[in-house]
Amino acid sequence: MNPWANLTIVIGTQLLIFLFIYYRREKKHLSEILFKSLIMGICFGIPFDLIFGKYLGIYDYVLGFGLIFLFVNGLASFGLWIATVWLLRSRSFSHFCYSTICIGMIYELTNYFFPVWSWQFAGSFIYQELVVIIALYFGLAILVAILISLTTKQRFEFLKLNLK
């Protein structure tokens, strides 16, 4: 299949997950969350891809690291990931953990059938997927939660410190 079509399917899957969580949880602030997340996706996603993908070689894209792809990927894919993580802000740490791992599993399953990226570190397929889903998606979600907390007035329940 065409790599751009695969990217469209992956982004469509991300959009469906975002909308599913949005309609089950949020019920407000859709335009604010989406707009800010899409902007953050560009600002965060492009440097992230260049550092961890291109320069460190942790993953590679079927479409390479060209500017048009990086912009689209940052806007849509990273933007929707940030928006989805944003919706999990009022959840407990364990719920946040389980949610991001489940979302990571869906992303990886979609990418398996419609390849957009490939992981470049050694190990069996199962080992790679376990590391990616448990460590990388969850770790990235924590990083995104901190980014959202620092750049907006939104706070994540599990990041609040009880100083009483």
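**Close-up 1. A nonpolar surface patch is shared by helix 4 and helix 5.** A patch is made of residues with over 30% relative accessible area and no salt bridge, in which nonpolar side chains (Val, Leu, Ile, Met, Phe, Trp, Tyr) are joined within 5 Å and like charges within 9 Å. Accessible areas come from the Shrake-Rupley method with a 1.4 Å probe, and for residues only the protein chains shown count as cover. This is a predicted model, in which local features need pLDDT of at least 70 and side-chain atom pairs count only at pLDDT 80 or more, while totals for chains, interfaces and linings use all residues. Residues are numbered from 1 along each chain as its sequence is written, and side-chain values use heavy atoms, with hydrogens and water left out. The patch in this view covers about 780 Å² and is made by Leu-109, Tyr-112, Phe-113, Phe-125, Ile-126, Leu-130 and Ile-134. Helix 4 and helix 5 are the elements that give two or more residues to the patch, with helices (H or I, at least four residues) and strands (E, at least two) taken as DSSP runs numbered from the N terminus. Helix 5 gives the most to the patch, with four residues. Phe-113, one of the patch residues, has its place in helix 4 and counts as exposed because its relative accessibility is 55% (exposed is over 50%, buried under 20%, partly exposed in between; 1.4 Å probe, protein chains only).

**Close-up 2. The largest nonpolar core has 47 residues.** A nonpolar core is a set of buried Ala, Val, Leu, Ile, Met, Phe, Trp, Tyr and Cys residues joined through side-chain atoms within 4.5 Å. The residues with the most contacts inside this core are Tyr-61, Trp-81, Phe-96 and Val-144. At least two core residues each come from helix 1 (3-26), helix 2 (30-55), strand 1 (59-61), helix 3 (67-87), helix 4 (93-113), strand 2 (117-119) and helix 5 (125-151). Helix 3 gives the most to this core, with 11 residues. When its neighbours within four places in sequence are left aside, Val-144 is in contact (heavy atoms within 4.5 Å) with Phe-44, Trp-81, Ile-82 and Val-85.

**Close-up 3. Phe-44 of helix 2 is set among partners that include Val-144.** With a relative accessible area of 15%, Phe-44 is buried. Not counting residues up to four places away in sequence, Phe-44 touches Phe-78, Ile-82, Leu-140, Leu-143, Val-144 and Leu-147. Ile-142 is 98 residues from Phe-44 along the chain, and the C-alpha atoms of these two residues are separated by 14 Å.

**Close-up 4. Phe-138 and Gln-128 are two buried residues of helix 5.** The relative accessible area of Phe-138 is 17%, so this residue is buried. Phe-138 is in contact with Phe-93, Phe-96, Cys-97, Thr-100 and Ile-133, when its neighbours within four places in sequence are left aside. One of these partners, Thr-100, is 38 residues from Phe-138 in sequence and 5.7 Å from it in space, C-alpha to C-alpha. Gln-128, which is also found in helix 5, counts as buried at 12% relative accessibility. Its partners, not counting residues up to four places away in sequence, are Trp-119, Phe-121, Ala-122 and Gly-123.

**Close-up 5. Gln-14 of helix 1 is in contact with Ser-77 of helix 3.** At 2% relative accessibility, Gln-14 counts as buried, and Ser-77, at 11%, counts as buried too. Leaving aside neighbours within four places in sequence, Gln-14 is in contact with Leu-80, Trp-81, Thr-84 and Tyr-107 as well as Ser-77. Ser-77 touches Ile-11, Gln-14 and Val-72, not counting residues up to four places away in sequence.

**Close-up 6. Lys-36 and Glu-32 meet through their side chains in a salt bridge.** A salt bridge is a side-chain nitrogen of Lys or Arg within 4 Å of a carboxyl oxygen of Asp or Glu, and a search of the whole structure finds one. The distance from N to O in this pair is 3.1 Å. Because Lys-36 and Glu-32 are four residues apart in helix 2, they are separated by about one helical turn. Lys-36 is partly exposed, with a relative accessible area of 33%, and Glu-32 also counts as partly exposed, at 30% relative accessibility.

**Close-up 7. Confidence in the protein chain is highest in strand 1 and lowest in helix 5.** The mean pLDDT (the predictor's confidence in each residue, from 0 to 100) of the protein chain is 90, and 96% of its residues reach 70 or more. The mean is 97 in strand 1 and 88 in helix 5.
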